Amino acid sequence: MESFSWFSLLAGGAYLALIIGFALTIMFQRRPVGVSLAWLVLLFALPLAGIILFLMFGTRRLGTKRVKRAEALYPTYEQWSRHLKEVICLQNTTSPHRHNRVYNLAEKAMNIPALPGNHLTLYHDSDSIINGLLTDIHNASSSIYLEFYIWESGGRINEIEAALLAAQTRGVHCLVLLDAVGSSSFLKSQAAKRLKKAGVRLSEAMPVGPFRMLFERMDIRNHRKIAVIDDAVAWSGSFNLMDPRLFKQNAGVGQWVDAMTRIEGPSAHVLASIILWDWELETGDGLSVFRSAYQPPQSIAMNLHRADMHVLPSGPGIDRTLLHQVLLAAIYESSEELVITTPYFIPDDALLTALVSAAIRGVKVKLIVPERNDSRLVHYASRYYYEELLEAGVEIQQFNAGLLHTKCVLVDRSTVLFGTVNLDMRSVWLNFEVTLMVYDDNFGQEMGKLADNYIRQSDRVFLDSWNRRGFPKRLAEGVFHLMSPLL
């Protein structure tokens, strides 16, 4: 009995030390207060489960190999960045736009400089996006790089697969990087095997597994959506490689509604380099990621309107505060109108305060979100914020013609933040994302027209009717809001 008592005492002491150690780890890590408190509550309420969940989802472990590869790549990345500034940006000597604070923040905080001379075309229905991608793939002469969160065969995506096979057959270098979770079914499919057999270089990003979770965080995802052809034409936005007429049709949310922009100009080269950087981190293949001999393409007709823009990659391996700072700067710099479209709306306190402040000072703040969401947790957690926003004068529109998946922050119909980032903390702080920061009135007006079209297919939420919602909904909103730091 005495030995058993000593054993119990030692085991209890070790267990307590383990809990305290993890609590100190949580407190010493720099993260939003709400996230730290949520982890601490979980740790003390369910100690064993809390420890396991924290090891799986509470750190930003990218894996030793990725970290070492990134460190090895950084010197060439610095050389590439200097070359961009010397070769591409000689003509861009002054801040080009009315929203100078956003521009200057990105310019001074990023190693990737502002890029002039981009011709942008906005696409906002799946058929036009797929037709445009098919045309560019068919016209490719040297390279096709694709990086997507979701690739799912079926419907018109089979045409993309056939076009990629044909391009590889005629000698085009084809490379495809897909998220291991978002594209899990495709990566195991016969279509993927056919692409690999034809010579397409296809790899998964951020693979998962029981053994890997000991060394890498499992819920860090590569959420980027980029296509680059011949280093001169690029596509990016919210569209995954799936046919919305077939994708998740049993989820009860309708078809996904997306937008993409097609880019001709130097930003295409930067987006290609992002893909190649991610490819090197995942595979270690040693591709020539950054080509110091790069020269701006000459294919854009002189009569086409050209825009200045920053390309902002974000993720756990990058300064994750920059995207947050850019979003805040954009909101605070708005003076007339601020339009946000996002499928997942779970802001932190700083972003919520910025939106409320903008509305109170007289900015027309419009938030467009889907009426139905594919995540019930997000559906209720996001609605927790409605009352405070409505009281401040924010116009909330619930899109009812499908799952609105477009991600955009439009400032005064002049500066556009457009890409893969949702207005939730997973996108802002955790996942690998890419944002196009476009400083151009023409593109801003196009995005404004698209937002207006979304609003015409939406139902506005009014404060009086919102306050009449029942207790069960209020309870669900409160409960899931407490979980929101961990979503």
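**View 1. The whole chain, mostly tucked away.** Of the 487 residues in the chain, 57% are buried (under 20% relative accessible area, with exposed meaning over 50%, partly exposed in between, 1.4 Å probe, protein chains only). Bear in mind that this is a predicted model, where local features need pLDDT of at least 70, side-chain atom pairs count only at pLDDT 80 or more, and totals for chains, interfaces and linings use all residues. Residues are numbered from 1 along each chain as its sequence is written, and side-chain values use heavy atoms, leaving out hydrogens and water. The chain has 18 helices and 19 strands (DSSP runs: H or I of at least four residues, E of at least two, numbered from the N terminus).

**View 2. Helix 6 and its surroundings.** Helix 6 covers residues 126–139, and its end C-alpha atoms sit 20 Å apart, which agrees with the 20 Å expected for 14 residues at 1.5 Å a residue (1.5 Å times one less than the number of residues). Its buried residues include I129, I130, L133 and L134. Among the elements covering them are strand 1 (115–123), helix 7 (157–169) and strand 8 (260–264).

**View 3. The start of helix 6.** Here a side-chain oxygen of D125 comes to within 3.3 Å of the backbone nitrogen of D127.

**View 4. A nonpolar patch featuring helix 18.** L377, F471, L475, V479 and M483 make up this surface patch, with about 440 Å² of accessible area together (Shrake-Rupley method, 1.4 Å probe). Patch residues have over 30% relative accessible area and no salt bridge, with nonpolar side chains joined within 5 Å and like charges within 9 Å; a salt bridge puts a side-chain nitrogen of Lys or Arg within 4 Å of a carboxyl oxygen of Asp or Glu. Helix 18 (residues 471–483) gives the most, with 4 residues. F471 counts as exposed because its relative accessibility is 60%.

Terms used: Contact = heavy atoms within 4.5 Å. Polar contact = N/O pair within 3.5 Å; in protein donor to acceptor, adjacent residues only side chain to side chain.
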